[in-house]
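Here are my notes after going through the model you sent. I've kept them as numbered points so you can follow along with the structure open.

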Amino acid sequence: MQNKNAVLLFTVLLSFATLYTLSFNWVAGNYEEEAAQYGAFVADSLESNGEITENEWSSSAAQAAREFLRDSANAEIYPVFGHTYREVIEQELNLGLDLQGGMSVTLEVSIPDLFIALSDYSSNETFRQAIAQAKAAQRTTQGLTYVDLFERSWTELNGASDSPIDLWRIFHNLESKDLFPAQSTDEEIFLILQNESNTAIDNTESIIRKRIDQLGVAQPNVQKVSGGRILVELPGIDDRERARKQLKSTANLEFWETYFNDEIFARISAANNALGRSMSPELFGAEAPADSLLTLEQQRAMNPLFAYFQLETQRRSSVVGYTAIADTNRVNDLLRRPEAKQALQSDLRLMWEAKSTQNFAALYAIKDESGKGKAKLSGKSIIDARVSYDEIGDVVVSMTMDGEGSGIWGAMTEACAADNQRAVAVILDGLVFSAPSVQSAITNGRSQISFGSNQSIEDKMAEANDLASLLKAGSLPAPARIVDEVSVGPQLGEENIQAGFSSFVIALAVILLYMVFYYKGAGLVSNLALIANLFFLIGALASLGAALTLPGIAGIVLTIGMAVDANVLIYERIREEMRGGKGLMVAVKDGYSKAYSAIIDANLTTLLTAFVLYSFGSGAIRGFATTLIIGIFTSLFSAIVLTRLVFFSRLENKKPISFYTDMTKNWFTKINVNFIGNRMKFYILSAIIVVGGIASLATKGLQYGVEFSGGTTFDVSFDEAVDVQQIRESLAVAFTEEGKTGNPIVQTKDSDAKVRIMTNYMIDNQDENQDELIQSALAKGLAVTGVDYTIDQYNKVDSTISDDFRTGAQNATVFSLLIIFLYIFFRFRKWQYGMGALVAMTHDVIIVLSCFSIFAGILPFTMEIDQAFIAAILTVIGYSINDTVVVFDRIREYVGLYGDKKDDKDVMNDALNSTLSRTINTSLSTFVVLLTIFFLGGDNIKGFVFALMIGVVVGTYSSIFIATPSVLDLSKKLKA
């Protein structure tokens, strides 16, 4: 073997590099064990002192361990090399959220709100219509930014207006006159808006990073993705509600003057009357019933606002009145109606308090002298914020302002103090945190935010710390909405690790035993190469900073099958050469050289689909693609280079090598099936299956997951078995929206104590508390069981991003089919080969889709069409073409060998029969691997693996009975 020493040296160096990379996990694990021991010591001390209860021990120990790791992040813990803990965890192999728990959130920066702010809240009707029209188009349009959509809407609406204006007039105001110069063309303004939106997204990403640092999460990930969105991954996060608030809060702090409630009672009454007349006109006028004859329901209809809202008439303050917390959304809807806005007038803003008491929320009267919702003083003037205590020892956040802010604050407080000690409201993200009466002017630029009197000191301190962190990190340049969220509980993560590890070990053991059974000594060599392949693969994942996910483990197991395929191709070639009478040394050399073409083509086609999957996928699916891509390269190295190194070393030392056992020596050697002659039978069989599948797709359809349909999914574990129908009926009521009863999908999972709930409740609602309202409705619906439960996994996808997922999946599938067609056409120089492969792959995709349509709701596991399913489809495409290209390669070889000496049908039959041993060995080993994952890999990937299992069977079938015969029927002559 040429360059033997160089290959050996490279392998040794690669092994040392892999060991070094994987050592970071070992070092980090040891140090984290020390932290856990420290946490246990602290918790023991607190418990012995009576400061915590036994039930609080675990959380206290975990908190102390996290603080230990955070405070010692820069401590050197790696011997010799001197790496710090922070450096070590950055280099170790990460676990994905599905294996260790945590949450992944996609935030969408609200560019429409940014544009409105840049326009100084312009009320120009055309501008506002263009903003709304572009926002609506964003939900259904792909490939265009919001700026593009706004440009299109503005051009269309302004051009059709009776009084069109130049766009610069909308944005050229006192604060932004330098940014938007007068006399600028519309094209120049659009360019400025694009730059401002990009800057806003960049600034949001930076601020989100600062906020995450305050959460104390190890190995967080923040990155920009397409469409003005930001992906945030928080592995191991415990307090998801706190994290959610930290991420989506704009931290928009404002200081407002207020009205006394008796100053605006008349406006509130006028709004109530206007609403009544608009919504129930039949109760007013000459034909209206007398007051004494009105029913209670009619009285409520005449006073729609006061039916839910109680005025505060006992005390003169800035509080207008109160409503039940459950009715705040209903009151908001009423106050947003045009007739109510007109009665309230533009200089009055009504805002809820941040902390409600006794299930009621207070509504404050805010004085808006600008009439545009623009505060005189904002949080931009805050230069420092910290937790402190007021004069009575209560927790507050103390803020210090800059010079300009101090001047404005002094003038505001002086005016309020002189006007009957009027209150100043401190508002954060549209909620009133406090509204103290001003006794005297505050000229030192200092102010405080206090918290609800009904909170415990611990809750106040936690909230104060979060608020101070938000204010110091800075406010977001534009509001950010959570459009996609996946939360996985730690218990489910542990279960996934156990399931993934078990399936991996058993699948590996089955393959190792099978290779020794079938190939004897050569099987041992392939097993050594297989173990080396896994070693290099995991090391490569660690060095690239990739996260190991449950689909990633499936990718590793699939890599085992791919590595086996390369060895099977080589070994079967060697056995053919030996049966042809060649000596062992020559047979090994020729076996390797003749197998290269098929191995390279098969792996390249799989690599192409893996790249497509990586480009269009996200999260765990991208982890699967990453594993698959790396696995292809490590498999080629171990299967071709390492086994060759071992074989030639033994041959040079005159040591024997066996490629079969006595039982398997002649397997598949005397098979002569007339595949081509029977092709019409299989065409008809496939046509029947495909037509039946298309009929099911047309009538029954597919069960789309929330990633493609939008909505929310909950995986819930109960402490005991529950009645699924009872839950379904209760949730239908709890998820009632706009008078329409909800229609949730409720399915059992592994047992009657585990259910999956899917709903589109509030999917199109823009309420900033959307997540909390969904969670509240779920809790209300599940209360009917009377059984304790845990939410193992939570996945919410906004309809705007589900459109992107759906389009991306379609593009990925079509692009994969196209790119493989072009590759086959390029490699085999005939379009008929490409078309035959395309027909077979399309056939496989339709059958897999049909199975998911037919068996959805029948088989006892989830068969949703989601990103994981699309990953399976692309893998099936790769596997199908892998099989097909091996046969095509042998056909090409035989055409060159026999020329016109043999009939084309005989050439194809010979090619199919000669590769049958490889086809069966590879397909059988891969199917057994997938079957192991299916039964042991956990419920969350059952649908994913089931699709792969169908794909292996159908892909093997189509490569023999569809792809190859199609080439014959499309060709006049194989040899052109």
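1. Let's start with β2 and β16. Strand β2 (residues 102-109) is joined to β16 by 8 bridges, and the two run antiparallel. If you want a spot to check the register, look at Met103, whose bridge partner in β16 is Ser487. Keep in mind throughout that this is a predicted model.

2. Staying with β16, which spans residues 480-488, the strand is mostly covered, with 7 of its 9 residues buried. β16 also pairs with β21, again in the antiparallel sense, this time over 5 bridges. Glu485 is a handy marker here, as its bridge partner in β21 is Lys796.

3. From β21 we can step across to β18. Strand β21 (residues 789-797) and β18 pair in the antiparallel sense over 8 bridges. The pair to look for is Gly711 with its bridge partner Val797 in β21. β18 has another pairing, with strand β20 (residues 754-759), which is antiparallel too and runs over 6 bridges. In that pairing, Val716 stands opposite Val755 of β20.

4. How many residues of strand β18 are buried? The count is 8 of the 8 residues in 711-718, so the strand is largely enclosed by the rest of the structure. Have a look at the two faces while you're there. Gly711, Thr713, Asp715 and Ser717 point one way, Thr712, Phe714, Val716 and Phe718 point the other way, and all are buried. Asp715 is worth a click, being one of the buried residues of β18.

5. Now for a separate topic, the sheet with the order β11-β12-β15. This is an open sheet of 3 strands with antiparallel pairing. β11 (382-389) and β15 (446-450) are the edge strands, and each has a single partner strand, so one side of each is left without a neighbour in the sheet. From one strand to the next, the twist averages 25 degrees.

6. Within that sheet, β11 and strand β12 (residues 395-401) pair in the antiparallel sense over 7 bridges. Tyr389 stands opposite Val395 in β12. There is a helix to add to the picture as well: α15 (residues 403-418) lies across β12 and β15, and runs at about 115 degrees to β12.

7. On to helix packing, beginning with α28 and α29. Helix α28 (residues 867-898) packs with helix α29 (residues 904-914) at an angle of about 130 degrees, and their axes are 9 Å apart. That angle makes α28 oblique to α29. The crossing of α28 past α29 is right-handed.

8. Which residues of α28 and α29 make the contact? On the α28 side they are Val887, Arg890, Ile891, Tyr894 and Val895, and on the α29 side Val907, Met908, Asp910, Ala911, Leu912 and Ser914. By type, the residues of this contact divide into 8 nonpolar, 1 polar and 2 charged.

9. The last pair is α27 and α31. Helix α27 (residues 831-855) packs with helix α31 (residues 942-970) at an angle of about 145 degrees, with their axes 7 Å apart. α27 passes α31 in a right-handed crossing. The residues of this contact divide into 18 nonpolar, 8 polar and 1 charged.

Note on methods. Residues numbered from 1 in each chain as written. Predicted model: local features only at pLDDT ≥ 70, side-chain atom pairs only at ≥ 80, totals over all residues. Heavy atoms only, no water. Axes fitted to C-alpha atoms, helices over the stretch in contact; angles between N-to-C directions. Helix = DSSP H or I, 4+ residues; strand = E, 2+ residues; numbered from the N terminus. Parallel < 35°, antiparallel > 145°, perpendicular 65-115°, else oblique. Left-handed = near helix turned anticlockwise from the far one by under 90°. Contact = heavy atoms within 4.5 Å. Nonpolar A, V, L, I, M, F, W, Y, C, P; charged D, E, K, R; others polar. Buried < 20%, exposed > 50% of the residue type's maximum accessible area, 1.4 Å probe, protein only. Pairing = 2+ DSSP bridges.
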